Amino acid sequence: MAVLVLLEFDASGIKQPSRSAVAAAQSLGDVHALVAGAGLADAAAAAAKLVGVAKVLTADAPALDHLMAEPMAALLVAMAPDYSHILAATTAVGKNILPRVAALLDVQPISDIAAVIDADTFVRPIYAGNGMATVKSSDAKKVITVRAASFDPVAAEGGSAPIEPVALGDLPGTSKFISAELSKSERPELTAARVVISGGRGMQNGANFALLEPIADKLGAAVGASRAAVDAGFVPNEFQVGQTGKIVAPELYIAVGISGAIQHLAGMKDSKVIVAINKDEEAPIFQVADYGLVADLFVALPELAAELERS
Amino acid sequence: MKVLVPVKRVVDYNVKVRVKTDNTGIETSGVKMSMNPFDEIAVEEAVRLKEKGVATEIVAISMGIPQCAETIRTALAMGADRGILVETDVDLQPLAVAKLLKAIADQEQPQLIILGKQAIDDDMSATGPMLAALLGWSQGTFASKLTVDGDTIIVTREVDGGLETVALNLPSIITTDLRLNEPRYASLPNIMKARKKTIDNKKPADLGVDPTPRLTVVRVDEPPKRKAGQKVGSVAELVSKLRTEAKVI
C-alpha cells in the first residue's frame, strides 16, 4: 500500500521540512504527495519534481486555503483508505492537522519521529530529547509527524511524477482565516538554514540583535533566539529555537549569550558544529559546544563580523 | 459559558530527567512532580475569562493515579471552581485522553475547552486537536491571544513564519502557547479555599472508554552524547578553526 505525505509550500517551492518528510516516508512504500490549498499549479509542478515522489495529488479549493485544520482533516480522512501511513513534517501545520486526522481514524498518532525502524516501529524524542523512545504501534494505519532535522531532505529537482486531482467531499467551515503577520526576511528559514546564529538573554535587548546581522549576512545564516530572549520581548516568537519552538540541525549553530537551558539544547543539539560565545564560563552551553569562546559578546560580535569580513 | 481545563501531572520542568538503567523509561520515582507548564497557562486563561465575566464556571480535569488530584488542587487554588479526576493505572496516551475528555464534555456541555499545546513529558502535542476532532469542534492551536466575541472566538496563533489570526465558531478547543499569559501563583487564602472545593472521582469504565494504549514503548535510550569540545582563546582562533578544522565556513 502507498504512503501519503502532506506537503507545505510557499512561493519558492516545497518547504524543506516537507522534503524531509518525503525522505522519511520513502522506506515505508510508494510516496504519494498531497498539495492542498487554493491555486496550486506552481506547487503541484514543484512537488512533481521532488525526487522520491511517485504521484502528486492536488486538492484545490477555496476552503483549503491556509490549510485550516478542520477541512484539511476531513480531506485526509477521506483519502486515508488507500494508504498505510499518513505523514507530514512536525511543523505548526503538521501538528495542527495530523492529530485531528488520527482521532477521526481512531488512531494514536506518532509525533515527531526521528527514525523509522520498520512499518510499525519508530524512534521519537521524549522529555525534550532527554530520552529517545522506540515505540511500536498496534494501529492498522499510522499517522506520523516527522522531525525534519533527523532526515536529509529529498532533492527538490530530478523527479517527474504525474499530477492528479483528488475528489473533494464535504469540507467543514467551522473556522475562518482572518489574517497572517508573517515576518518578511531576506534570510533563510530557521529550519532550512545551513548556518544559524541565535541570541539569548545575554543580548540584553532587541536592538542588540542587530549585532548578529552582519555575521548572519556574511554566513548566509538564519537568526534565532532562546526562549528567554523571546519571552523578554527582544524578538518575535518565530525566532524561538527549543523544545517548544523550532528544532534545527544546521551545519553550524552559533549560540550567543545563551546559557543553554535544557529546553534550548533540545532544539539545536543535533547541529553538526556548535559554537558558544558566553561570558560565563560555567554556562551549560559549553558542555555541548564544539568550540567555546568565553568572552563579552559586545566585544566578540563586532570582532567576529570584522574577522569574517577580512577574508 | 462553562470552560473545561484538562491538567496533566508531569515531572517538574526543572528536574534533570534520567533514562532508567534497564531502558524501560524515564526515572520518575522520588522526582518532583508539577502541573504541565502549558496547562498552567490554560488554567490562567480560563480564570481571566471568568474575571472578565465571559466564563461562568471552570472545571479542572486530570487523569491517572490518585496523586493527580494534587494537580487538580493546584488548578482550584488558581481559581478553577471544581475538579474531575479520572482514576486509572493505565498509561494514558493522547487518543485515550481525548476519548475520556469527549465523554466528560458530553456530560458537562462546555462551550470552550482550553488545553496546553503539549505535555513536557511525552512531547506528543496531540490531545487538543484530537479532542476537537472527536467532538467535531473548531480548534485554535498554539494560541498567543484570544478574544470571545458572541458565539465566535478570535484566536491569534503562533505559526512557523509568525502569527496567524483565525475566527472559530464556538464551541471550540484552544491550545495554549507560551506567550498567551503569565500564570499567577496561588495565594495562601486561595490554597486554603481550594481544599473545600469538590473533586469528583470517575473511572474510564464510567465514561465508557477503553484506555488501552496503542503504542508500546519498546525501549528508551539516552540520546547520543556530544563529545566535549574545546575552548578557544580569541575570535581569530575561532574563525580559523571553523575554516580549517571544522570546515563549515
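In strand β18 of chain A, L293(A) is the bridge partner of I277(A). That pair belongs to a parallel ladder of four bridges between β17(A) (residues 273-278) and β18(A) (residues 291-294). Helices (H or I, at least four residues) and strands (E, at least two) are DSSP runs, numbered from the N terminus, and two strands count as paired if DSSP finds at least two bridges between them. On to chain B: β18(A) also runs parallel to β13(B) (residues 230-232), joined to that strand by three bridges. Here K231(B) is the bridge partner of G292(A).

A word on the source: this is a predicted model, in which local features need pLDDT of at least 70 and side-chain atom pairs count only at pLDDT 80 or more, while totals for chains, interfaces and linings use all residues. Residues are numbered from 1 along each chain as its sequence is written, and chains are lettered from A and ligands numbered from 1 in the order in which they are written.

**Where the chains meet**

Strand pairing between the chains turns up again with β13(A) (residues 175-182) and β9(B) (residues 162-169), which are antiparallel over seven bridges. In this pairing K176(A) stands opposite A167(B). Strands of a sheet pair through backbone hydrogen bonds, either parallel or antiparallel.

Here are the strand pairs described in this report, side by side.

| Strand 1 | Strand 2 | Sense | Bridges |
|---|---|---|---|
| β17(A), residues 273-278 | β18(A), residues 291-294 | parallel | four |
| β18(A) | β13(B), residues 230-232 | parallel | three |
| β13(A), residues 175-182 | β9(B), residues 162-169 | antiparallel | seven |
| β6(A), residues 83-89 | β11(A), residues 142-146 | parallel | five |

Taking the interface as a whole, 66 residues of chain A are in contact with 61 residues of chain B, where contact means that C-beta atoms, placed from the backbone, lie within 7 Å. The chain A side divides into 33 nonpolar, 18 polar and 15 charged residues. In these classes Ala, Val, Leu, Ile, Met, Phe, Trp, Tyr, Cys and Pro count as nonpolar, Asp, Glu, Lys and Arg as charged, and the others, Gly among them, as polar.

Helices take part in the interface too. α8(A) (residues 297-310) packs with α6(B) (residues 235-244) at an angle of about 45°, their axes 9 Å apart. Axes are lines fitted to C-alpha atoms, for helices over the stretch in contact, and angles run from 0 to 180 degrees between N-to-C directions. The two helices are therefore oblique to each other; angles under 35 degrees count as roughly parallel, over 145 as roughly antiparallel, 65 to 115 as roughly perpendicular and the rest as oblique. A300(A), E303(A), L304(A), E307(A) and L308(A) of α8(A) meet V235(B), A236(B) and V239(B) of α6(B). Six residues of this contact are nonpolar, none polar and two charged. An α-helix has 3.6 residues a turn, so residues three or four places apart point the same way.

**The seven-stranded sheet of chain A**

Chain A holds an open sheet of seven strands with parallel pairing, in the order β7-β11-β6-β1-β4-β5-β12. At its edges stand β7(A) (110-113) and β12(A) (163-165), each with a single partner strand, so one side of each is left without a neighbour in the sheet. On average, neighbouring strands are turned by 25° against each other, direction ignored. Within the sheet, β6(A) and β11(A) share five bridges, and I86(A) has V143(A) as its bridge partner. Helix α1(A) (residues 16-25) packs on the sheet, touching β1, β4, β6, β7 and β11 of chain A, and its direction makes about 150° with that of β6(A).

**An enclosed helix in chain B**

Chain B has six helices and 13 strands, and its C-alpha trace spans about 65 × 45 × 40 Å along its principal axes. Buried residues make up 49% of its 249 residues. A residue is buried if 20 or more other C-beta atoms, placed from the backbone, lie within 10 Å of its own, exposed if 12 or fewer, and partly exposed in between.

Why is helix α4(B) largely enclosed by the rest of the structure? Nine of its nine residues (127-135) are buried, so the surroundings largely enclose α4(B). These buried residues pack against α3 and α4 of chain A together with α3, β6, β7 and β10 of chain B. The axes of α3(B) and α4(B) come within 9 Å and cross at roughly 50°, which makes the pair oblique. Right after α4(B) comes G136(B), with a positive phi near 70°.

Methods
Two residues are in contact if their C-beta atoms, placed from the backbone, lie within 7 Å.
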